[in-house]
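Student: I would like to learn how to read pockets, cavities and a sheet in a model. Can we take them in turn?

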Amino acid sequence: MIRFQETPRPRQKLATRVLHSASGMDARTGASSIPLYQASTFHHASLENPPEYDYTRSGNPTRQALEDTIAELEGGVRGFAFSSGMAAISCAFMLLSKGDHVICSEDVYGGTYRLLTAILGRMGIETTFVDATDLDRLKAARQPNTRAVFLETPSNPTLKITDIAAVAEWARKHGLLTMLDNTFMTPCLQRPIELGIDIVVHSATKFLGGHSDVLAGLAVVANEKLGQELKYLQNALGGVLGVQDSWLLMRGMKTLLARMEFAERNARRLADWLTQQSSVARVYYPGLPEHPGRAIHERQSQGYGAIVSFDVGSGERARQVLDRVTVPLVAVSLGAVESILSYPALMSHAAMPREVRLQRGIGDGLLRYSVGLEAVEDLIADLEQALDAG
Ligand SMILES: *Cc1c(COP(=O)(O)O)cnc(C)c1O
């Protein structure tokens with residue numbers, strides 16, 4: 001159940017602010033959407049007084065409206081828009097230097113795992129992956145050169161829960177930078193900066209965009225010093241979001257709360273139904289009473305989200321379900337108006353050795369359902385026939 005809470009800043013609730021934020025209306029003309037400043041450069045009327053915007057990699061008014069909107073929604077001081085979630089995450093990691101050490105959730109997004117192991121490792125940045133649900137193990141991973149902690153909660157695809165405030169407090173005590181990938185929850189359901197996290201990153205390709213039609217990444221920082229550092233890196237590295245995609249993303253975000261609320265209601269119904277099916281060995285959803293992280297999740301979030309993972313027991317049965325479903329897209333990605341069914345073993349986690357995958361609970365029978373806005377009766381009937389077919 002989504003519980004909209006008062007945040008420390010707000011005069012108004014998030015549902016209102018999302019519509020009347022920087023992306024709500026063009027301040028200059030009153031236009032009901034922000035104009036597309038489809039320009040790469042800006043005229044210097046006077047060389048002594050350079051214009052506010054001078055080149056679109058460094059800044060663009062359309063992208064700025066999006067960046068201000070995500071900063072407001074996350075309760076941070078400054079937002080940044082990138083060409084993809086991985087561009088946002090890569091840029092944030094460029095705050096680190098050779099010789100630094102990172103502690104990272106072990107079931108982090110595959111692309112983040114690849115960045116840390118195959119690329120940053122080569123540049124002398126070392127990572128220890130830990131089960132972040134276990135605070136003692138996380139603490140034990142700290143080394144003299146540890147600089148940062150990177151978290152994902154709920155994690156992908158088994159929706160494990162990390163205590164955000166506890167990690168943030170410990171990290172602050174040791175001077176560590178904290179980063180959190182908030183893609184699965186969105187600021188509608190979880191605002192990590194209010195729990196002490198320094199940088200929130202998003203694949204806005206997912207719930208924020210919400211329509212499977214734009215690839216984008218966002219980052220929000222908790223303080224002005226990090227804001228200046230990330231601004232420098234965003235401009236220096238250049239992976240900024242284009243003007244048209246910035247506009248599309250703002251358009252998608254206007255319905256974020258309504259979409260999340262509806263999708264979550266569907267997800268709860270689907271998760272409950274799945275727990276009653278004898279052909280389903282296990283269901284992973286933070287809203288289920290038996291979920292081990294439920295109490296912590298309820299403390300730090302305002303809802304359970306719209307991703308439900310479930311294990312049908314074997315790779316053969318998983319393939320049958322994937323072959324037989326008729327409503328969801330069978331695809332990589334999540335967080336869209338339409339339901340998307342993914343097969344982690346062959347899609348998001350294909351690069352992971354099978355033993356490692358199994359150790360992390362990602363069995364050959366595991367499916368990940370991103371619940372969309374269809375009638376839930378149709379989603380259930382469709383899954384019922386797909387499961388029966390086996
Ligand atoms: C998809 C995803 C990413 C990567 O985002 P892209 O927009 O595909 O680059 C990062 N983190 C999570 C949790 C994701 O689901």
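Tutor: We start with a pocket lining. The residues lining the second largest pocket divide into 7 nonpolar, 4 polar and 4 charged. Keep in mind that this is a predicted model.

Student: What is the volume of the second largest pocket, and which residues are closest to its centre?

Tutor: Its volume is about 240 Å³. Of the 15 lining residues, Thr158, Arg282, Tyr284, His291 and Pro292 are the closest to the centre. Domain 1 (14–253) and domain 2 (257–388) each contribute at least three residues to this lining.

Student: Where does the largest pocket lie with respect to the domains?

Tutor: The largest pocket lies between domain 1 (14–253) and domain 2 (257–388), because both give residues to its lining. The volume of the largest pocket is about 560 Å³. It is lined by 34 residues, and those closest to its centre are Tyr109, Gly110, Gly111, Lys206 and Ser348.

Student: Which helix supplies the largest share of that lining, and how does the lining of the largest pocket divide by class?

Tutor: Helix H4 gives the largest share, 4 residues. Helix H3 (85–93) and helix H4 (110–120) each supply at least two residues. By class, the lining of the largest pocket has 15 nonpolar, 14 polar and 5 charged residues.

Student: Now the enclosed spaces. How many cavities of 30 Å³ or more does the structure hold?

Tutor: There are 4 of them. The largest cavity has a volume of about 50 Å³, and its lining has 2 nonpolar, 4 polar and 5 charged residues. Among the lining residues are Glu106, Asp107, Asp131, Glu152 and Lys160.

Student: What lines the second largest cavity?

Tutor: Its lining includes Phe207, Arg259, Met260, Val337, Val371 and Leu373. By class, this lining has 7 nonpolar, 2 polar and 1 charged residues. The second largest cavity holds about 50 Å³ of space.

Student: Last, the sheet. In what order do the strands run, and which are the edge strands?

Tutor: The order is E8-E9-E12-E11-E10, in an open sheet of 5 strands with mixed pairing. Strand E8 (282–284) and strand E10 (329–330) are the edges, each pairing on one side only. Helix H10 (residues 256–275) packs on this sheet and touches E8, strand E9 (307–311) and E12. The direction of H10 makes about 15 degrees with that of E9.

Student: In what sense do E11 and E12 pair?

Tutor: Strand E11 (residues 340–342) pairs with strand E12 (residues 366–370) in the antiparallel sense, over 3 bridges. Serine 342 stands opposite arginine 368 in E12.

Notes
Residues numbered from 1 in each chain as written. Predicted model: local features only at pLDDT ≥ 70, side-chain atom pairs only at ≥ 80, totals over all residues. Heavy atoms only, no water. Pairing = 2+ DSSP bridges. Contact = heavy atoms within 4.5 Å. Axes fitted to C-alpha atoms, helices over the stretch in contact; angles between N-to-C directions. 1 Å grid on protein atoms, 1.4 Å probe; cavity = no way out; pocket = protein on both sides within 12 Å on 5 of 7 lines; lining within 4 Å. Points joined across faces, edges and corners; volume = space filled by probe spheres on them. Nonpolar A, V, L, I, M, F, W, Y, C, P; charged D, E, K, R; others polar. Domains from an automatic or database assignment.
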